[in-house]
Structure formats: structure tokens, C-alpha cells
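Grab a pencil and work through these exercises with the model open beside you. Try each task before you read its solution.

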Amino acid sequence: MEALSPMEKQLLLLLKEKEGRAKPEEIEMELVKVMNAASWLQSKGLVRMEERLIKEYELTKEGERFLKEGLPEKILIAKYDGKSIEEIEKEMGKKEAAIAIGWAKRKGWCDILKRDGKKILVTTEKGKEEASREQEEEKALKSIKRGEAIEEEIASILKRREAIREKEKIERTIVLTDKGWEIVRKGITIEEEISQLTPEIIRSGEWKKKKFRKYDVKAFAPSIYPGKLHPLTQLIEKIRKIFAEMGFKEIKGSYIESCLWNMDALFIPQDHPARDMQDTFYCKKPSTFEIDDSLLKKIARVHEDGGETGSKGWGYRFDENEAKRALLRTHTTVNTIRYLANNPEPPAKVFSIERVFRRENIDSTHLPEFHQIEGIIYEKDANFGMLKGILKEFYSRMGFEKIRFRPSYFPYTEPSLEIEVEWRGKWIELGGAGIFRPEVALPFGIEEPVLAWGLGLERMAMILLGLNDIRMLYFSDIGWLRSLPLL
Ligand code: PHE
């Protein structure tokens, strides 16, 4: 009771006067206020809205014309008795004449006779009498205009004459429920109360004298869906913020890369299974990149015999043409190695969150396009423990407390690890990390340890959003998007 607004109380009282049921228009209150109060009362179970679909008619243009000028058959009888059809058609227009004559004949108001080879209109007694009287059709048209109901029979004639059309309307009745009656019987008093505290009310001291309306925290409120960022974008923003707060700088790369930067510089052997057509999208245009010869030679040597890195290399013949091929980058580690090649002086802490491409079949956990969260810490005395620490910290800031590391292998890191999180009782792989090998670092003059990682964004999003299917992230399902809380 205390949670009712003055308007709701007023509506309850007015409904009581009307024996507990009334159409909104019958209530002596502004219609929007009635509807507003009624919907709140309905959510509180004090009134019920009965809705009935009713058929209504409205006049068409033709109907309006019939009303204004009279029915065509009436005009016909009044003006054209004894005239030839030819003449009538000339004056009324062919179409209108056909309508008028058709209805006049049907009603028995006229005959068509042949005289001197001409067809002549001759009105009957009935016609003369009726044509000066108001017709059923006209009465019905007037009723409709006044918003009154008409008989089915006449309605179907008028519909046939295209003078009216049907429209459906919902008729609402507001009905007091038992709970509503209970409250009404107990007695309702409307007193002025404060439902919104304003600076004026506080300043004037008015609040001391008046009653405050209680909040009904259980009251129904309509859902609203203001615009918001897509969950993946929200997630990217959040991750950006986390790395920025940990002192990292963001770097960006390009979707299209050369094999040299995407793979060779990372000491991925040229016959590595990941390079074949299964995993990598190679580009047609451009199909190759020009690459600086000394860079090519330098990387070639590392692959062939290790060059000056202290390694024996892979021991095969490096193919420079393979190195020049253009591809869609398969990982963002390419951003990192490019950055280090340009900035070989420690220290550095950089990250990127960007899209990568792989020839994967699409299913509930795989996408051919996804994002990686890539990063490095490049500084003197950096070590494997720090790498695990920074990853643990990152995932904990993302809300993952339970993660584990497993030994792993990447051609460009040693040691290497894999990060897994527990989800729905299973361990799921979220990314890889490690310390760059000398074969990767030394050719670019990188002499201190580089801690590097590459983490999947969509997998993580899937877990955070509780999705069963990773593809959901790329469907534009507006219902689902609306239902998501802000991350
Ligand atoms: N590039 C690896 C991948 O795509 C991840 C990785 C990055 C591993 C850096 C080690 C170091 O899975």
C-alpha cells in the first residue's frame, strides 16, 4: 500500500466507483496516466488487463464519397430518367455509370429499354420512391463515421462496394483483482508524498513535513537495452587496460606478412608441418614480398648451420623463394619479432591484441580467424619464473584463479610452456609462451632474455561468457547480445 503512487491509488479508487471494471477511456483521468498506473498495478497484481480483439470498420475514400455525394444509383435515378445509356456514360463516366446502373437494376429501380435502336434508362415506381429516401447503406456509413457498430449483413454489402474496410482493434478493460479489492476495501487515502528528492525540496526544508514514498524494490520495470560494445570489443578493451596498467605499450602489425617474418625469423623450419597448405592462407596478390638480401642471407644461415648463434641450425638448404611468399599472418608473434628487430635495445614491454588466420575447419571450438593476445618482456635478468608470474597475474586479473602450466614446444622458444585453465571440469588450453631461443634473438642483436607469450582471445571469451559454441561470438544474434551483462 505504501508503495503505491498517488496515481495508482487514484486509479484504484476510480475503479471501485465503477464496480471494479472499466475501459481505460471511461475513467476520469488522462488516458496515458490511466495506462501507466494500470500497468504498474498489474505488475503488483492489483488489477488485471482484459484484452479482446474486436472488428471495426472504417470508411474508404469511396465510402466518404458515397456519404458526401449520395449513392451513384440515387444520382442516376434523380438525374437520368429517360436518357440513353450512351449519354449517361458520357456524363457520369463509363465506370461510374456501370456501377450506378448495376446497383439500380439489382434494386429494381430501373429497366433498360430499347427505343429507336438506342438503350434507354427508365426508372420504376420503386426507384422513384426509394431514390429520395435515405438508404440502408447510407445509414450504415453514417454510423461508422460516428464510431458505432453496424449489422454484419450491411457491412458485407459495403465491403463488396469497397466503401468500408475492416480493421482490428484491441479493446481493453481494467479489472480489479481480489487483491485489488482487498486494498480498496481497507480504504485508500491519497496524501501528497515525495517520490523524488530534489535540491529544492531539501533547501526549502519541505522534506521535513512530508511523507516519503517507499521504494518497492520488487516492482516490475521494463528492460531497456541501451547501445553497448560487442562483448569481444569489451574484452579487448579490458585486456588493453590490464597490460597498460602493468606498464606495457601496445604495438600493431599487418594482416599480410612474409614467410620470412611470420616463420623464418622465428626459426620455424621451412618443412614444418604448420607451413603446408593445411594451416596457412597464402596470398595471391601480392604473392611475394621483396626482402632485403642481407636479411635473407642472415636468416638462411641460421636455418642452415646456426650462423653465429652457437646453434647447429636445422641443417637443410634454405629456400629464399619460400621466405618471400606472402601470407595471412598465422600468429602475432610476428609483430613481436618485427618490433624487436627494430628496437634491439632492452628493456621493452610490449603487447598486441590482433587478428590471425589459419586454415581451420569451423566448429564449436575453432575459427579460421581469431585474435591473439601477444606480448613480451625483454630485459636483463628476465627469467622463466617471471614469465609464469606475469601470466598468472594477467589471468588472475581476468578472473581466472585456477590456471596451470604444462611443458610445451615451439620452434622459437626454449623453454616453452602451455597455459591451461579449468573449465567445467576440464583443462582447456588458452595459449603458449616461452623464452626466445638464441637462433631467434641473436641475429637481431637481442642479447637479453625475451619472455614471450601468445594467448587466444576467443577461447577465453567463450569461457567468460559461458558459451558452448565459439561461433556465437561472430553471429549477430541481437537477443543474445542484449542479454549479456557488461564484462
Ligand atoms: N605463437 C604461438 C601460437 O600461436 C604462441 C606463442 C607465442 C608461444 C610466443 C610462445 C611464445 O600458439
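**Exercise 1.** Find the strands that each supply at least two residues of the shell around the ligand.

*Solution.* Step 1: mark the strands, which are DSSP runs of E with at least two residues, while helices are runs of H or I with at least four, all numbered from the N terminus. Step 2: pick out strand 12 (369-378), strand 15 (426-436) and strand 16 (450-456), since each of them supplies at least two shell residues.

A quick note before going on: this is a predicted model, where local features need pLDDT of at least 70 and side-chain atom pairs count only at pLDDT 80 or more, but totals for chains, interfaces and linings use all residues. Residues are numbered from 1 along each chain as its sequence is written, and side-chain values use heavy atoms, with hydrogens and water left out.

**Exercise 2.** Work out how many residues surround the ligand, and sort them by class.

*Solution.* Step 1: collect each residue with a heavy atom within 4 Å of the ligand. You should get 14 residues, and the closest are H331, T333, R358, Q372 and Y412. Step 2: sort the shell into five nonpolar, seven polar and two charged residues. Here Ala, Val, Leu, Ile, Met, Phe, Trp, Tyr, Cys and Pro count as nonpolar, Asp, Glu, Lys and Arg as charged, and the others, Gly among them, as polar.

**Exercise 3.** Which polar side-chain atoms lie within 3.5 Å of a nitrogen atom of the ligand?

*Solution.* Step 1: look at Y412, with a polar side-chain atom 2.7 Å from a ligand nitrogen. Step 2: do the same for T333, at 2.9 Å, and for H331, at 3.1 Å. Step 3: check the cover; the protein hides 91% of the 320 Å² of accessible area that the ligand has on its own (Shrake-Rupley method, 1.4 Å probe).

**Exercise 4.** Track down two cis peptide bonds and a positive phi.

*Solution.* Step 1: recall that most peptide bonds are trans, and most residues other than glycine have a negative phi. Step 2: go to P346-P347, a cis bond with omega near 0°; P347 is in the loop between helix 16 (333-342) and strand 11 (348-357). Step 3: E414-P415 is also cis, with omega near -5°, and P415 lies in strand 14 (residues 413-423). Step 4: D116 has a phi near 50°, in the loop between strand 3 (110-115) and strand 4 (118-123).

Terms used: A polar contact is a pair of N or O atoms within 3.5 Å; within protein, one must be able to donate a hydrogen and the other to accept it, and residues adjacent in sequence count only if both atoms are side-chain atoms.
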